Amino acid sequence: MEHNILLAAFIFLAAAVAVVPFAKVTGLGAVLGYLIAGVAIGPYGLRFVTDPETILHFSEFGVVMMLFIIGLELQPRELWRLRDKLIGMGLTQVVFTAVLFGAVAWLVGTPWQSAIVIGLALALSSTAIVLQIMGERGMMTSDTGRSGFSVLLLQDIAIIPILAIIPLLVLPHLAPAAADAASHAGEVAAEPDAWLALRIVLVFGGMWLAGRFLLRPVMRFIARSGVREIFTALALFLVVGAALLMEWLGLSAALGAFMVGMMLANSEYRHELETDIDPFKGLLLGLFFISVGMSIEFAVLADGPVTILVMVLALIAIKMAVLYVIARSFKLDTAEALLFAILLAQGGEFAFVLLQFALGAGALEQELADRLNVTVALSMAITPLMLLAFDRLIAPRLVPRTPEPGIPDMGDTRQKVLVLGYGRFGQISTRLLQAQGFETTLIDHDPGQIELVQRFGFKVFYGDAGRLDLLRAAGAGEAQLVLVSLGNKQKITEICRMLKDHFPHTPVLARAVDRGHAFELMEIGVEFERESFLSSLHMGTRALVALGYEPHRAARLTKAFERHDMEMLEESYKLRGDEEAFTHYIRQSRDMLYAVMQSDREHIDQNPGNAAWTTEEEDSEAEARARSD
Amino acid sequence: MNEPVLFVLAHPDLFASRANKRMAEIAAATDGVRVYDLYAEFPDMFVHGADARSAFDGVEALVVQNPLYWYAGPGLLKEWFDRTFIAGWAYGRGGKALKGKRYLASVTTGSAAEAYRVGGRHGNPVEDYLKPYRQIAEFCQMRWQDPLVLHHARSISDDELDQHAQLLKQRLETLAAGSANS
Ligand SMILES: Cc1cc2nc3c(=O)[nH]c(=O)nc-3n(C[C@H](O)[C@H](O)[C@H](O)COP(=O)(O)O)c2cc1C
């Protein structure tokens with residue numbers, strides 16, 4: 001059945017569409033939804049799909065893409081800021097957890113070689129599940145989120161040495177088989193020699209150089225061609241290429257994608273790349289979760305349910321204990337530490353890979369590997385359930401720590417302004433804001449324009465501001481203000497409507513191209529500024545001066561005019577539904593304006609005070625005379 | 001809710017203000033008082049007279065709050081008087097709009113009280129510098145109230161600032177209550 005790709009795709013999509021929204025709405029979360037869908041269509045459910053392994057392997061690529069996107073969002077500078085957590089939390093976690101699991105395995109009679117494999121494999125958590133959940137909960141920028149991310153990242157790095165160690169742990173009685181299997185499984189890290197080191201240096205050096213000097217012009221060229229899907233193709237090409245290179249080196253593909261992402265984190269095409277990859281990532285990850293659900297071997301579970309249950313509980317309990325202690329020692333409060341521990345307490349997808357690899361290398365017995373696989377899969381399925389329990393039962397009881405004064409969260413306190421359209425119009429207002437120290441994110445879709453302003457040292461991202469996903473990636477939800485300053489009327493209106501619908505709390509200031517456009521924006525309910533209105537008025541002022549008016553008088557008359565024009569705009573807006581009244585009003589407005597201006601001019605030109613002050617004395621003299629008479 | 005007290009605030013750099021900002025806050029929190037921030041109403045210092053006059057609808061008492069800048073109020077305050085208090089409205093024939101309303105000047109100064117006396121740093125008592133305002137009020141047939149002066153506005157303690165704010169609040173309440181009765 002799996003040979004028919006369309007049918008397989010149909011089944012997966014149907015399962016996802018049927019189960020996931022339901023799981024999400026009922027509060028179970030998308031991850032659990034996918035897992036359930038997987039069980040449902042898998043060998044122990046409706047048996048639509050009987051060979052989950054291949055799909056699991058394929059869909060692991062979702063994890064690679066996820067790490068690429070995370071890399072895009074993480075500048076090397078920020079990674080450096082995380083170094084304490086990477087080492088302190090990440091490394092400690094891997095080492096301690098591995099030692100504990102290894103010890104337990106050894107104590108229950110597993111050979112020491114297998115015990116080490118088990119310890120290392122189970123120390124890893126599921127990047128896919130944890131990051132997905134953290135994203136769903138918007139935790140990525142919180143302290144807990146950053147800690148979790150650091151641990152995951154270090155685990156990913158740890159895979160490199162772990163893969164190198166496993167071939168040294170061959171069980172004596174499996175040695176011949178292992179030698180046999182080495183030709184199949186041994187493509188990875190079996191040759192930790194100088195040549196490998198050289199290759200690693202070459203590849204990373206080459207990637208760095210390419211990222212710096214080659215990619216930019218290529219991306220610019222493609223963006224300029226205007227063929228949108230080629231950009232998507234390029235994004236995919238980058239990720240796949242990085243993954244292949246890593247595989248050749250025997251390193252984790254996810255890690256490679258992460259590095260490539262990070263190299264591009266500074267590029268002006270970052271947001272566009274992110275939005276292009278995102279849908280693929282989402283679908284593949286979903287597929288991945290589904291295949292995890294499918295690959296739960298219920299037969300193994302049925303054979304020894306108690307053993308498996310004990311293993312799952314031990315896995316989660318030991319991991320949680322280690323994680324909790326680490327979190328506390330890194331000053332997370334009880335609730336945060338508990339959340340952190342629950343989040344990372346499952347076995348990960350790399351455990352499958354490592355166990356498979358160890359099996360091939362002859363470091364593990366088949367039966368034990370089967371059990372461990374089920375244990376890991378179940379622990380992954382349990383994570384969302386435990387989080388649910390945490391949210392409903394535990395979190396409400398734990399009083400949140402009152403934030404200590406004087407320790408602001410450096411990541412997100414700066415005030416950000418998102419500027420859509422950095423052309424002639426957007427530039428001027430933006431520079432005013434930048435001069436005030438506001439941090440701006442600039443987006444434009446014209447590569448020529450981007451290149452031009454880049455020469456003056458401005459950082460502009462390439463992208464189509466009309467895409468909701470791009471707006472989201474650029475931070476429209478968190479921005480202090482969004483300036484919509486593109487040149488295209490229709491696009492402006494469209495974007496404003498989108499912003500109002502999806503980010504109702506973000507204030508918007510839009511460029512109105514003309515009067516009719518201003519009406520459209522008023523209807524949507526965003527603030528606007530009429531383009532060229534002020535400069536045109538200013539020209540009027542100068543014309544008056546050129547015609548002999550004193551500058552201040554001209555300026556005051558202009559001000560009065562501006563005021564009336566604004567009032568008229570609002571008046572005519574109210575009448576816009578009534579065709580007849582509207583045209584009537586517009587026809588009248590010229591005369592009206594003239595009349596009002598006339599009275600204003602009288603006020604401005606002949607302040608009635610002058611007359612009053614000169615005649616006033618005579619008045620009171622007359623009064624006095626009248627009284628004395 | 002009717003707001004018989006118009007609290008005209010004239011401070012060009014409110015973000016950096018200590019005393020006047022505080023006074024405006026306490027005024028905003030007082031029943032019957034409407035805070036009218038001149039520099040916010042007329043950010044480019046173009047005072048539209050008719051608009052400015054319409055702020056007096058239903059007003060029974062006027063409070064003018066400002067720092068002392070060069071022995072007078074900040075520039076926009078003067079522009080506001082020039083464009084708002086016009087003949088035929090505030091004074092002159094038919095000019096009765098302000099008649100009988102009370103006028104309270106509330107000012108802050110940078111220097112200590114000792115500086116404001118004959119022979120002191122500023123040469124004259126602070127009341128001397130309020131004389132033009134007093135005369136404006138009287139010329140428009142308003143009732144001049146005993147002014148409220150906060151000296152040393154940037155140097156006094158928080159407690160002293162609080163005390164003065166309370167004093168202002170009392171005066172505002174009296175004005176609001178008096179307006180309700182009359
Ligand atoms: C342009 C300018 C002129 C000033 N002139 C005087 C002055 O003549 N006499 C005085 O005592 N303080 C003067 N000061 C000080 C201010 O009156 C004082 O800083 C202010 O009342 C403090 O109130 P605030 O915290 O609300 O700004 C002047 C300040 C400025 C900026």
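**Figure 1. A:Ala341, a buried residue in a helix.** In this predicted model, A:Ala341 has a relative accessible area of 1%, so the residue is buried. Buried means under 20% relative accessible area. A:Ala341 belongs to helix H17 of chain A, which spans residues 334-343. The view also takes in A:Ile316. Along the chain, A:Ala341 and A:Ile316 are 25 residues apart. In space, their C-alpha atoms are separated by 9.3 Å.

**Figure 2. A tilted aromatic pair in chain A.** Over all chains, the structure holds 22 aromatic pairs. One pair is shown here: A:Tyr34 with A:Phe289. A pair of aromatic rings is described by the distance of the centres and the angle of the planes. For A:Tyr34 and A:Phe289, the centres are 6.1 Å apart and the planes stand at 35 degrees, so the pair is tilted. The two residues come from distant parts of the chain. A:Tyr34 sits in helix H2 (residues 30-41), while A:Phe289 sits in helix H14 (residues 270-294). In sequence, they are 255 residues apart. Both A:Tyr34 and A:Phe289 are buried.

**Figure 3. An edge-to-face pair in chain B.** The rings of B:Phe56 and B:Phe85 form an aromatic pair. Their centres lie 6.1 Å from each other. The planes make an angle of 70 degrees, and planes over 60 degrees apart count as edge-to-face, so the pair gets that label. Where do B:Phe56 and B:Phe85 lie in chain B? Each is in a loop. B:Phe56 is in the loop between helix H3 (49-54) and strand E3 (61-67). B:Phe85 is in the loop between helix H4 (75-84) and strand E4 (102-108). The pair therefore ties together parts that are 29 residues apart in sequence. Buried or exposed? B:Phe56 has 7% relative accessibility, so B:Phe56 counts as buried. B:Phe85 has 8%, so B:Phe85 counts as buried too.

**Figure 4. An aromatic cluster in chain B.** The view widens from the pair to its cluster. B:Phe56 and B:Phe85 belong to one aromatic cluster with B:Trp80, B:Phe81, B:Trp89 and B:Tyr133. B:Met45 can be placed relative to one of these residues, B:Trp80. B:Met45 and B:Trp80 are 35 residues apart in sequence. Their C-alpha atoms are 8.8 Å apart in space. B:Met45 is found in the loop between helix H2 (38-41) and H3 of chain B. With 40% relative accessibility, B:Met45 counts as partly exposed.

**Figure 5. Arginines over aromatic rings in chain A.** Two arginines are shown, each with its ring. The charged end of A:Arg199 sits over the ring of A:Trp248, and the distance to the ring centre is 4.6 Å. A:Arg530 lies over the face of A:Phe533. Here the distance to the ring centre is 3.9 Å.

**Figure 6. Two loop residues with positive phi.** Neither A:Arg47 nor B:His152 is glycine. A:Arg47 has a phi near 60 degrees, a positive value. This residue is in the loop between H2 and helix H3 (52-59) of chain A. The relative accessible area of A:Arg47 is 56%, so A:Arg47 is exposed. B:His152 also has a positive phi, near 60 degrees. The loop that holds B:His152 runs between strand E6 (148-150) and helix H7 (158-181) of chain B. At 31% relative accessibility, B:His152 counts as partly exposed.

**Figure 7. The ligand and its shell.** How many residues surround the ligand? There are 17. The closest are B:Ser17, B:Arg18, B:Asn20, B:Thr108 and B:Tyr116. By class, the shell has 8 nonpolar, 7 polar and 2 charged residues. Several contacts reach oxygen atoms of the ligand. A polar side-chain atom of B:Asn20 is 2.6 Å from a ligand oxygen. For a polar side-chain atom of B:Arg154, the distance to a ligand oxygen is 2.7 Å. B:Tyr71 uses its backbone: an N or O atom there lies 3.2 Å from a ligand oxygen. Taken alone, the ligand exposes 640 Å². The protein buries 77% of that area.

**Figure 8. Chain B, element by element.** Chain B has 7 helices and 6 strands. Along the sequence, they follow the pattern β-α-β-α-α-β-α-β-α-α-β-β-α. The chain has 182 residues, and 53% of them count as buried.

Methods: Residues are numbered from 1 along each chain as its sequence is written. Chains are lettered from A and ligands numbered from 1 in the order in which they are written. This is a predicted model: local features need pLDDT of at least 70, side-chain atom pairs count only at pLDDT 80 or more; totals for chains, interfaces and linings use all residues. Side-chain values use heavy atoms; hydrogens and water are left out. A residue is near a molecule or strand if one of its heavy atoms lies within 4 Å of it. A polar contact is a pair of N or O atoms within 3.5 Å; within protein, one must be able to donate a hydrogen and the other to accept it, and residues adjacent in sequence count only if both atoms are side-chain atoms. Accessible areas come from the Shrake-Rupley method with a 1.4 Å probe; for residues, only the protein chains shown count as cover. Ala, Val, Leu, Ile, Met, Phe, Trp, Tyr, Cys and Pro count as nonpolar, Asp, Glu, Lys and Arg as charged, and the others, Gly among them, as polar. Rings of Phe, Tyr and Trp (its six-membered ring) pair if their centres lie within 6.5 Å; planes under 30 degrees apart count as stacked, over 60 as edge-to-face and the rest as tilted. Helices (H or I, at least four residues) and strands (E, at least two) are DSSP runs, numbered from the N terminus. Buried means under 20% relative accessible area, exposed over 50%, partly exposed in between (1.4 Å probe, protein chains only). A charge sits over a ring if NZ of Lys or CZ of Arg is within 6 Å of the ring centre and within 35 degrees of the ring normal.
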